[in-house]
Structures are given as C-alpha cells and as structure tokens.
Amino acid sequence: MNKQLIKTAILSVSLLTVMAGAAISPALGDIALAFPNSNETTIKLILTLPSVMIIPFIFVSSHLTRRFSKKSILLIGMVFYLIGGLGGGLVPTIELLLLFRAILGIGVGLMMPLSTSLVADFFDGQERTTTMGQVSAVNNLGGVVLFLLSGVLSAISWRMAFSVYTLVVVSVIIVWLFLPKQQLIDRGSKVKLEPLPKSVYFTGASMFFIILVFFALPSNMALFMQQEGIGNSQNAGMVISAGTAAGFVAGLILAQIKRIFQRFFYTVMLLLMAIGFLIIAFAPNAIIIGCGVGLMGFGFGSLMPTVFDHVTRIVPRVQVVQAMAVVTSMLFLGQFLSPIILDSIGILVGDGSIRFTYFLLAGSLFLVSTGFLIHASSRRSTINGSNQDMKGS
C-alpha cells in the first residue's frame with residue numbers, strides 16, 4: 001500500500017468538493033444579465049442550490065459505505081458531478097439551470113464526507129493533522145483554479161464558465177488507479193454504533209457559522225463589484241481566488257500556525273476574518289478588496305481543517321463517516337442559507353446593500369473573536385492558578 005499515491009487520490013477529490021457550488025460565481029453577474037426576469041435571490045440560488053442537495057446525499061453516502069466500497073461511491077458521485085456541472089452551461093432556461101445545479105449537489109454530497117473520512121482511515125496522529133491541512137490546502141487550490149478559469153471563461157461567455165467542471169475527469173482517473181477498493185473500516189456495518197457525542201453537533205454548529213460568514217464572499221462578490229463599478233467577472237474571479245490562494249497557504253502551514261498561537265488560535269483566525277471583511281467594506285478598488293479577501297481566506301483556510309481534524313479525534317474510527325456527515329451537512333446548510341439569512345437581515349434593517357452586509361459580518365466576527373479571547377484568557381488564568389497551588393503545596 002503506497003500511502004503517497006493514496007494521498008494523491010484523496011487530495012484529487014478534495015480539489016473538487018467544498019467550492020464546487022461557488023466555482024461559477026465570477027459569472028454570476030453575466031448570468032443575471034442573461035436571465036433579466038430573475039430576481040437577485042434566484043440568481044444567487046445558482047450558487048447555493050447545490051448545497052440543498054448535498055445535505056441529504058451526505059447522509060446517503062454515509063449509509064452506502066456500509067454496503068459498498070468508498071471508491072465505488074466516489075466514482076458514482078463524480079459522474080453526477082460531471083453531468084450536473086457541464087449541463088448547467090447548456091440550458092435555455094433558469095429552471096433547467098437550477099435542475100442541473102441540483103444534480104451537481106448530489107455528486108458533491110456523495111463525495112464530500114468520504115474525502116475527509118479517508119484521511120482518518122489511512123493516517124494517524126500528527127500525520128493526520130498534517131494531511132487534513134493538506135486536504136484544506138487542496139480545497140482552496142481547487143478554488144483558485146476554478147475561480148480563475150471561471151472568470152477567464154465567463155469573459156468569453158457565461159456558458160463557457162461551466163466547462164471548469166471537466167476537471168473531475170482527472171480525479172476520476174487518479175481515484176480509479178490509486179485508491180484501494182476494499183472497505184477499510186472492517187465490518188463497520190456489523191458494529192452497533194453508539195449515539196454521536198454532543199460535541200459533534202456543537203462542532204457542526206461552529207462550522208455552520210464559519211461557512212455562513214465566508215460564503216458571503218463568493219455569493220456576493222461579482223454582484224458587488226458590478227454594482228460598485230469596480231470590475232467585471234474576470235476581476236471578480238481574480239479577487240475571489242486571492243482568498244482561496246491564502247487558504248491554500250494556510251492549509252500547508254496549519255500545524256505551524258497552531259503551534260505558534262496555541263489556545264489563541266481561534267481568536268486570531270476569527271480576528272483576521274473580521275479585519276478582512278472590514279477592509280472589503282471600505283475598499284475603493286479591486287486591489288484593496290483582494291487584500292481583504294486574502295485575510296478572510298487565510299483565516300477560513302486555517303479554521304476549516306482544524307474543525308474537521310477535531311471531528312476525527314472525538315469519535316471512534318467506525319463513526320468518523322457518520323460524524324463527518326453531520327458536520328459537512330452543516331457546512332453546506334450554511335452555504336445555502338448564507339444569502340437568505342444575510343439578505344433578510346438587510347431587508348429587516350432597511351439596508352440591503354452588500355457593503356452593509358460586509359460591515360455587519362465584520363462586527364459579528366469581532367464579537368465572536370472577543371468571546372474566544374476571554375475564554376482563552378480565563379483558561380490561562382485557571383492553569384496558572386493551578387500551577388501556583390501545586391507550588392505552594
């Protein structure tokens with residue numbers, strides 16, 4: 001068993017999953033022009049509808065692992081991914097476009113929990129943390145590639161942007177050649193699984209908040225730049241890819257970042273995201289926006305693999321796919337609800353501008369990071385107090 005080849009197969013799947021729905025976000029402004037009778041929320045559904053289908057099929061994928069090999073499930077998911085991805089660029093109506101986006105969601109739903117659970121199957125200890133960081137890095141690298149290609153292709157035609165999904169063919173070949181077919185969780189279907197610990201659901205709620213906030217970037221950026229007269233779809237693709245590029249770097253150096261900041265890790269990463277949104281909200285041009293998006297991407301790219309790594313450590317190996325299904329379903333629920341919740345807040349307060357949304361998220365992240373700072377500081381005080389007591393005795 002060549003672990004390096006297996007890691008290549010796992011990473012090739014990771015390249016395609018998390019940002020799959022958002023991949024064509026640079027073309028969103030042009031799609032809105034192509035379907036002028038559709039309102040802004042309907043146009044945003046093109047990005048978020050895949051998430052609706054991803055959620056149930058994450059649990060379908062978890063159930064199927066008890067009867068079929070993970071390799072077979074991945075390959076089936078990739079077929080749905082290719083059909084749903086390419087089909088969106090061939091349709092004459094917005095309704096058919098949304099149908100193919102739903103098919104794309106089915107494919108991602110089948111693939112997503114397996115791409116992270118396979119790490120727990122093959123790797124342990126520090127190697128698992130490092131590999132999970134690499135998975136996140138490749139998730140973001142996939143975002144860079146997809147966003148840049150989509151931006152360039154959408155400058156030709158919004159329909160061409162959907163051809164980025166042909167990248168799945170490369171992953172099909174790698175998985176077919178290098179991923180073992182056997183079920184690695186021996187007789188997992190015969191083991192009576194205990195209820196998942198409550199910490200899994202708390203972790204899922206944390207993932208929901210993180211992705212709800214982060215997804216305000218790809219779901220709004222093309223429209224934001226168009227409305228503000230800052231740039232076109234190609235510029236939007238470059239700006240969004242700055243965030244995924246920063247997330248790629250964060251994933252590669254995740255272990256070192258965690259060693260540096262230790263218990264203040266969450267505080268610092270949330271603070272970076274808050275500053276990033278604040279910069280975007282004040283930004284007068286695409287370059288400044290790119291800087292803010294970069295800070296956002298670095299914070300997000302550090303937090304997401306940490307959450308996934310935490311999940312693999314709080315449940316037995318036979319429950320990793322089940323636990324991942326819960327957490328990843330919250331991830332995609334956050335993607336779907338992000339524009340709905342944020343647009344609704346804008347309507348309630350009487351300011352539906354995207355700039356206001358970015359100000360709101362900056363303030364929310366500052367508050368949450370302050371909460372983590374207080375928690376981390378109180379833990380430090382408790383530890384120091386315990387040490388003093390021990391010395392005194």
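What radius of gyration would a compact globule with 393 residues have, and what does the protein have? A compact globule of that length would come out near 21 Å, and the protein has 21 Å, so the two agree. Keep in mind as you look around that this is a predicted model.

Let's start with the overall build. There are 15 helices in the protein and 0 strands. If you draw a box around the C-alpha atoms along the principal axes, that box is roughly 75 × 50 × 35 Å. Of the 393 residues, 53% are buried. Now think about who touches whom: take the contacts between residues at least 6 apart in sequence, and 85% of them join residues at least 24 apart.

On the outside, the protein exposes about 16100 Å², and carbon and sulfur atoms supply 67% of that area. As for charge, you can count 24 positive and 13 negative side chains. The centres of those two sets lie 11 Å apart.

How far does the predictor trust its own picture? The mean pLDDT is 84, with 92% of the residues reaching 70 or more. Confidence is highest in helix H4, residues 70–87, at a mean of 94. It is lowest in helix H15, residues 354–392, where the mean is 77. There is also a stretch to treat with care: over residues 184–191 the pLDDT stays under 50. For that stretch, the model has 8 contacts beyond four places in sequence.

Now let's zoom in on helix H3, which covers residues 40–64. Ile-55 lies in this helix. Is Ile-55 buried or exposed? Its relative accessible area is 19%, and the cut-off for buried is under 20%, so Ile-55 counts as buried. Look at what surrounds this residue: leaving out residues up to four places away in sequence, Ile-55 touches Ser-329, Phe-332 and Leu-333. Leu-333 is 278 residues away from Ile-55 along the chain, yet their C-alpha atoms are 6.9 Å apart in space.

Further along helix H3 you'll find Ser-62. This residue is buried too, with a relative accessible area of 9%. Setting aside residues up to four places away in sequence, Ser-62 touches Val-321, Gln-322 and Ala-325. You can also check its distance to Ile-73, which is 11 residues away along the chain: the two C-alpha atoms are separated by 9.8 Å.

Next, hop over to Pro-180, in the loop between helix H7 (168–178) and helix H8 (198–214). How does Pro-180 sit with respect to the surface? With a relative accessible area of 22%, Pro-180 is partly exposed. What does Pro-180 contact, apart from its neighbours within four places in sequence? The answer is Ile-6, Lys-71 and Phe-122. Take Lys-71 as one example: Lys-71 and Pro-180 are 109 residues apart in sequence, but 7.1 Å apart in space, C-alpha to C-alpha.

Our last stop is the loop between helix H11 (254–261) and helix H12 (265–282), where you'll meet Gln-262. What is the backbone doing there? Gln-262 has a positive phi of about 50 degrees, although this residue is not a glycine. Gln-262 has a relative accessibility of 53%, so it counts as exposed. Arg-263 lies in that loop between H11 and H12 as well. Arg-263 is partly exposed, with a relative accessible area of 28%. Now trace from Arg-263 to Leu-373: they are 110 residues apart in sequence, and their C-alpha atoms are 9.0 Å apart in space.

Note on methods
Residues are numbered from 1 along each chain as its sequence is written. This is a predicted model: local features need pLDDT of at least 70, side-chain atom pairs count only at pLDDT 80 or more; totals for chains, interfaces and linings use all residues. Side-chain values use heavy atoms; hydrogens and water are left out. Helices (H or I, at least four residues) and strands (E, at least two) are DSSP runs, numbered from the N terminus. The radius of gyration is taken over C-alpha atoms; the globule rule is 2.2 Å times the number of residues to the power 0.38. Buried means under 20% relative accessible area, exposed over 50%, partly exposed in between (1.4 Å probe, protein chains only). Contact means heavy atoms within 4.5 Å. Accessible areas come from the Shrake-Rupley method with a 1.4 Å probe; for residues, only the protein chains shown count as cover. Lys and Arg count as positive and Asp and Glu as negative; His and the chain ends are not counted. The place of a charge is taken as NZ of Lys, CZ of Arg, CG of Asp or CD of Glu. pLDDT is the predictor's confidence in each residue, from 0 to 100.
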